[in-house]
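Hi,

Here is the structure I promised to pass on to you. Please have a look at it first, and then read on for what I found in it.

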Amino acid sequence: MPELIIRRDGEETRVAFEGTPLLNEVLAREGLALAQPCGGRGRCGKCRAELSGAVSPPNEAEVRFGSRLACQAVLLGDCKATLPVSRQMEQIQMDGDLAGGVLRPMPGKYGAAVDLGTTTLALKLYRLSDGRLMGSAGKPNPQGQTAADVMGRIGAALAGGLPRLERQVQQAILGLLETACREAGVPVSDVESMVVAGNTTMLYLLTGTSPLSLSRAPFDAEDLFGRTVPLMGRQVYLPPCMDAFVGADITCAVLASGICQKEQTALLIDVGTNGEIALWKDGALLVSSTAAGPAFEGAGIHMGCGSVAGAVDSVWVTADGRLEAHTISGAPAVGVCGSGLIDAVACLLKTGQVDETGASARPKMTLSGSVHLVPQDIRSIQLAKAAIAAGIETLLREAGIGADEVTELCLAGGFGSHLDVNSAADIGLIPRELTGRVRVLGNASLAGAAALLTDTAQVSEVNRIASLSRHVALGGNPRFNEAYMEHMLFP
Ligand code: FES
């Protein structure tokens with residue numbers, strides 16, 4: 001019987017098959033099917049894979065996309081397929097039991113790892129005797145009602161709101177802990193240890209520390225944490241931050257990625273309202289943060305929305321040059337979320353509805369049903385992507401290397417989990433050279449916090465990471481300003 005060798009994430013699987021199936025049919029039997037937003041009609045190009053051996057010649061759709069498509073390519077005999085990087089790799093690791101390695105957990109029967117984000121909070125509850133995941137819970141950060149971004153919250157804290165912000169976030173974390181414990185049938189009082197990863201401002205507000213030093217030049221944080229404190233009735237480890245605007249969430253993401261344990265040069269980016277970038281090269285870690293604004297989270301976009309049912313999350317160009325879109329849950333289109341926005345702009349550039357300066361001839365660019373983009377949305381995306389791309393370029397230049405010398409690009413955070421890397425390169429958000437070297441980490445901040453909770457030996461590793469870091473300021477940096485102007489143009 002002929003055999004298909006499947007390569008994914010550095011692993012190889014061999015599968016025998018009968019007849020002449022489509023590639024995705026064989027992948028589906030192994031639980032490795034690629035997503036088919038267009039229903040396998042060869043119209044979206046989202047099921048791209050590398051294929052060699054005895055297979056059908058590329059059909060019209062594959063020629064159009066310049067790639068083999070898992071929904072079109074027919075297997076005729078022995079062949080080999082290389083699949084895009086797994087989008088959930090680290091999330092699976094994070095969501096599963098952590099047992100397997102040596103456990104040197106923090107004290108107590110149970111412990112919680114928390115990702116304290118500006119927008120959302122996520123908590124996972126572990127049994128510390130064996131690292132088993134017992135439950136999880138998440139909710140929006142209630143401080144969002146005060147201000148959406150960190151600068152707004154710093155302002156509110158300095159205007160007398162610090163005790164309220166501190167109370168709000170502590171109560172929210174304790175509420176998540178109660179939810180997770182209830183789900184697991186675990187008494188809340190049995191949870192003695194916690195690790196809370198968050199950006200520097202979030203840790204200041206959590207601990208009721210005045211963020212004055214974060215509010216004014218030269219933005220030197222007085223406290224970078226990296227210690228255990230009594231908080232919320234428990235021992236809480238707050239991992240080290242690297243700078244006023246490169247927090248413990250990024251230190252934890254770097255820890256979870258393992259990039260600092262390898263010799264190869266690697267970039268890690270976490271795209272959110274702030275884009276944090278870390279470049280590991282020759283034993284040094286350059287870190288930066290750049291204000292991308294909330295566009296990639298759908299905020300400030302005319303019909304932007306979060307990842308809700310009906311959000312346009314994928315857009316492609318049909319053979320006759322029209323735009324087609326997929327919505328979350330296949331529901332009628334209600335808005336467009338971050339990944340859909342990147343796709344949409346890439347398609348509008350492809351079809352010439354938007355030019356390289358970002359100008360568009362039409363006042364409305366329809367994606368699906370009544371959901372459309374307006375010229376101001378293109379402008380917002382242009383500013384956001386220019387900030388990230390210029391940040392990446394500044395760090396690469398600081399290290400004296402080009403993008404082609406980066407072996408791996410790690411994408412951390414929710415946005416990176418759903419991003420189409422080809423569309424991201426099409427709009428100039430990430431360097432084109434790196435599209436084939438992407439590793440999607442998922443919530444790496446939470447994964448790093450969980451690693452610290454269950455193995456205290458990781459504390460010395462996270463301290464090593466922080467001590468190897470050097471912050472590269474982008475504000476007022478002529479290299480950054482120059483790159484920012486260049487990256488305002490679409491490729
Ligand atoms: S699923 Fe293959 S092209 Fe859309």
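Of the 491 residues in the protein chain, 51% are buried; please keep in mind that this is a predicted model. The radius of gyration is 23 Å, which agrees with the value near 23 Å that a compact globule of 491 residues would have. Measured out along its principal axes, the C-alpha trace spans about 65 × 55 × 45 Å. As for contacts with a separation of 6 or more, 67% of them are between residues 24 or more positions apart. The chain holds 14 helices and 22 strands, and two sheets and one helix are what I would like to walk you through.

**The sheet from S8 to S10**

This open sheet has six strands with mixed pairing, in the order S8-S7-S6-S9-S11-S10. Strand S8 (132-140) and strand S10 (227-231) are the edge strands; each has a single partner strand, so one side of each lacks a neighbour in the sheet. From one strand to the next, the twist averages 20°. At the S10 edge, S10 and strand S11 (residues 234-238) are joined by five bridges in the antiparallel sense. Threonine 228, for example, has tyrosine 237 in S11 as its bridge partner. Helix H7 (residues 248-257) packs on this sheet, where it touches strand S6 (110-116), strand S9 (191-198) and S11. The direction of H7 makes about 100° with that of S9.

**The sheet from S21 to S22**

Here, too, the sheet is open, with six strands and mixed pairing; the order is S21-S20-S12-S13-S14-S22. Which strands stand at the edges? They are strand S21 (438-442) and strand S22 (469-471), and because each has a single partner strand, one side of each is left without a neighbour in the sheet. Neighbouring strands are turned by 20° against each other on average, direction ignored.

Going inwards from S21, you can follow the pairing strand by strand:

- S21 runs parallel to S20, with four bridges between them; alanine 412 is found opposite glycine 442 in S21.
- S20 pairs with S12 in the parallel sense, over five bridges, and alanine 266 has glutamate 408 of S20 opposite it.
- Strand S12 (residues 266-271) and strand S13 (residues 274-281) are antiparallel, with six bridges; valine 271 has glycine 275 in S13 as its bridge partner.

Is strand S20 mostly covered or mostly exposed? Strand S20 (residues 408-412) is mostly covered, with four of its five residues buried.

**Helix H14**

The last piece is helix H14 (residues 478-487), in which Phe480, Ala483, Tyr484 and His487 are buried. These residues lie on the same side of H14, because the arc they cover around the axis is only 105°. What do the buried residues of H14 pack against? Their partner is helix H9 (375-399). On the face of H14 turned away from the buried side you will find the exposed residues Pro478 and Met485.

If you open the model, I would suggest looking at the two sheets one after the other and then turning to the helix.

Best wishes

Technical notes:
Residues are numbered from 1 along each chain as its sequence is written. This is a predicted model: local features need pLDDT of at least 70, side-chain atom pairs count only at pLDDT 80 or more; totals for chains, interfaces and linings use all residues. Two strands pair if DSSP finds at least two bridges between them. Axes are lines fitted to C-alpha atoms, for helices over the stretch in contact, and angles run from 0 to 180 degrees between N-to-C directions. A residue is buried if 20 or more other C-beta atoms lie within 10 Å of its own, exposed if 12 or fewer, and partly exposed in between; C-beta atoms are placed from the backbone. Two residues are in contact if their C-beta atoms, placed from the backbone, lie within 7 Å. The arc is that of the directions from the helix axis to the C-beta atoms. The radius of gyration is taken over C-alpha atoms; the globule rule is 2.2 Å times the number of residues to the power 0.38.
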